[in-house]
Amino acid sequence: MAETETVATPEPETVSGFAALGLDPRLVAALTELGYEEPTPIQREAIPVLLTGRDMVGRAATGTGKTAAFALPLLHRLTRPDAPKARPAALILVPTRELAMQVAEAVHKYGRSLGVRVLPIYGGQAMGQQLRALERGIEVVVATPGRALDHVRRGTLALANVTAVVLDEADEMLDMGFAEDIEALLSGTPKGRQTMLFSATLPPRIAAIAERHLTDPARVNVAREAVPTGEAPKVRQTAYIISRQHKLAALGRVLDLEAPAAALVFCRTRTEVEELTEALAARGYRPEALHGGMAQDQRDRVMRLFRAGTADLLIATDVAARGLDVEHLTHVVNFHVPCDIEAYVHRIGRVGRAGREGVAITLAEPREHRMLRNIERATGQRIEAARLPTVADLRARRLELTREALRGAIVEGDLDRFRVVVEALSGEFDVMDVALAAVKLAHRAEGGDVEDADIPVAPPPQEQRFDRGPGPGYGPRRPGPRGPAPGMARLFISLGREAGITPRDLVGAIANEAGLPGRDISGIEVTDRFSLVEVPEEAADFVVEALNGVRMRGRRVAVRRDRGR
Ligand code: AMP
């Protein structure tokens with residue numbers, strides 16, 4: 001096997017990639033701790049520019065690493081020795097409470113060692129609690145525009161000292177009707193501030209905001225690179241849309257069904273490589289980890305095992321896998337949509353060599369569908385959005401594998417020594433039954449008897465569904481006793497006005513948990529004790545699954561298809 005290949009040695013400490021961008025060493029150390037190995041393209045492009053204090057318009061979808069792209073330079077500038085000390089110094093605006101929590105969590109992770117205090121404020125939290133936190137002096141506020149404006153109007157959030165403003169997912173904020181709130185907030189912040197606007201799309205309305213409120217912004221666009229046709233490899237490309245909590249199970253299912261001869265699974269960070277390797281081992285696979293934090297001799301050993309075919313499942317980061325060239329690799333699995341198109345093309349270029357069919361599988365979260373589309377557009381190749389194999393598919397496949405194993409045993413021969421067993425039993429039982437029992441045991445021994453639970457799956461992302469244009473929106477239309485609109489399913493949500501739920505909470509939660517844009521949600525009705533919404537029929541089961549048990553306004557919500565009243 002490919003023993004003659006040249007093996008480039010991956011850099012063990014490539015996190016210096018972040019240091020090279022000019023970031024504070026304490027931030028670089030935090031990234032090492034988190035297992036980041038190198039900056040993503042948007043980080044590489046945006047960070048040096050943002051460190052100079054320049055405004056920016058960035059076109060970047062979720063999954064590109066944009067949060068770190070703005071948060072790291074923001075933290076760096078906020079904590080320079082000569083930075084103004086008055087607080088709050090930064091305001092990050094996001095469309096939903098879930099995103100507010102996620103972004104605040106990210107800023108906290110990166111900025112902890114700098115002593116930066118961050119507070120997410122969003123609708124649904126008791127105001128008093130938010131107030132007290134603000135009074136204690138917070139450096140960074142991450143807020144939904146509506147709630148931020150409430151605080152400003154009550155005099156509990158001062159914008160006078162804000163030196164940096166981020167508009168994150170600006171297109172989503174406009175979709176949710178926050179345009180005026182954003183205008184008001186921006187007008188209330190000092191003129192000399194740094195303003196960063198990130199958006200997956202840049203329609204004229206966003207351009208207009210940028211025009212009015214940003215000064216000579218640098219423009220960064222990560223969806224830009226097109227891959228010249230001919231360079232893109234010919235590989236069967238499939239994506240499964242799956243919510244985060246089911247990814248591990250989904251990966252197991254894919255591995256079981258594909259039964260790859262040699263598979264390389266890509267993760268984003270070292271930490272994730274370690275966690276996934278451990279989790280797969282616990283599920284009975286024999287994975288090997290490969291990442292930049294491992295000692296060179298450890299990495300050499302793993303690569304040797306893999307190249308020799310002794311190991312068939314490798315979990316790796318991009319950086320660590322860079323030097324790995326394996327001719328017999330059959331499958332590449334992206335545990336997430338990769339941060340950039342180049343990485344995707346590079347990864348899948350590793351399979352399908354020497355005339356063999358290669359398979360590239362991507363596990364994408366609903367929110368990441370846009371990155372998939374960008375990749376398709378740039379490579380000019382289709383990524384088939386497939387249904388995750390069901391338990392029934394899996395059972396059928398396992399039986400097939402058992403059948404193949406038995407056929408192999410028959411062809412191999414050397415069965416005579418078992419004849420006495422069959423003969424002994426054939427006096428008592430039908431020979432067919434004896435055969436069936438033997439198959440059962442063989443099946444069990446092959447691990448084919450595992451009981452699996454079904455994994456809820458999102459509908460495949462379709463351009464028509466996600467980019468429907470200005471659809472019904474979420475204006476509270478009263479559905480009354482009629483059924484839902486054609487093609488839509490009505491969902492029952494166990495919280496209503498008495499729990500403080502507003503239509504915006506519902507849209508925000510569905511957008512975040514299930515990745516469904518606000519314009520796909522209609523027929524919202526909030527009653528005292530429960531709420532109803534309509535979502536596209538094909539997304540209904542997924543929304544139910546994604547939303548069930550989620551906390552809204554501090555209470556767990558139960559969601560099901562509405563069976564009428
Ligand atoms: P975002 O596009 O900001 O939502 O980020 C997507 C995910 O990528 C998050 O889970 C980040 O923690 C992760 N991430 C961001 N930058 C990097 C990096 N340079 N290396 C590895 N993971 C990253």
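Let's start with a pair of strands: β1 (residues 56-59) and β6 (residues 194-199) line up in the parallel sense, joined by four bridges. Keep in mind that this is a predicted model. From that pair we can work outwards to the sheet they belong to, then visit the ligand, and finish at strand β17.

**The parallel sheet**

- Zooming in on the β1 and β6 pairing, you'll find Arg59 standing opposite Ser199 of β6.
- Both strands belong to an open sheet built from seven strands, and the pairing in it is parallel.
- Reading across the sheet, the order goes β3-β4-β2-β5-β6-β1-β7, so don't expect the strand numbers to simply count up as you cross.
- Who sits at the edges? That would be β3 (118-121) and β7 (218-221). Each has just a single partner strand, so one side of each has no neighbour in the sheet.
- The sheet isn't flat from strand to strand either: the twist averages 15° from one to the next.
- A handy rule for looking at any regular strand is that its side chains alternate between the two faces of the sheet.

**Around the ligand**

- How many residues surround the ligand? There are 14, and the closest are Tyr36, Gln43, Gly63, Gly65 and Thr67.
- Sorted by class, this shell holds three nonpolar, eight polar and three charged residues.
- Gln43 uses its side chain: an N or O atom there is 2.7 Å from a nitrogen atom of the ligand.
- Gly65 takes part through its backbone, where an N or O atom lies 2.7 Å from an oxygen atom of the ligand.
- Thr67 has a polar side-chain atom 2.6 Å from an oxygen atom of the ligand.
- On its own, the ligand has 500 Å² of accessible area, and the protein covers 81% of that.

**Strand β17 and its partners**

- Is β17 (residues 531-536) mostly covered or mostly open? Mostly covered: six of its six residues are buried.
- One partner is β15 (residues 488-493), which runs antiparallel to β17 and is joined to it by six bridges.
- Within that pairing, Met488 stands opposite Pro536 of β17.
- Another partner is β16 (residues 522-526), which pairs with β17 in the antiparallel sense over three bridges.
- Here Val526 has Ser531 of β17 as its bridge partner.
- To get from β16 to β17, follow the hairpin, which joins the two through four residues.

Definitions and conventions
Residues are numbered from 1 along each chain as its sequence is written. This is a predicted model: local features need pLDDT of at least 70, side-chain atom pairs count only at pLDDT 80 or more; totals for chains, interfaces and linings use all residues. Side-chain values use heavy atoms; hydrogens and water are left out. Two strands pair if DSSP finds at least two bridges between them. Axes are lines fitted to C-alpha atoms, for helices over the stretch in contact, and angles run from 0 to 180 degrees between N-to-C directions. A residue is near a molecule or strand if one of its heavy atoms lies within 4 Å of it. A polar contact is a pair of N or O atoms within 3.5 Å; within protein, one must be able to donate a hydrogen and the other to accept it, and residues adjacent in sequence count only if both atoms are side-chain atoms. Accessible areas come from the Shrake-Rupley method with a 1.4 Å probe; for residues, only the protein chains shown count as cover. Ala, Val, Leu, Ile, Met, Phe, Trp, Tyr, Cys and Pro count as nonpolar, Asp, Glu, Lys and Arg as charged, and the others, Gly among them, as polar. Buried means under 20% relative accessible area, exposed over 50%, partly exposed in between (1.4 Å probe, protein chains only).
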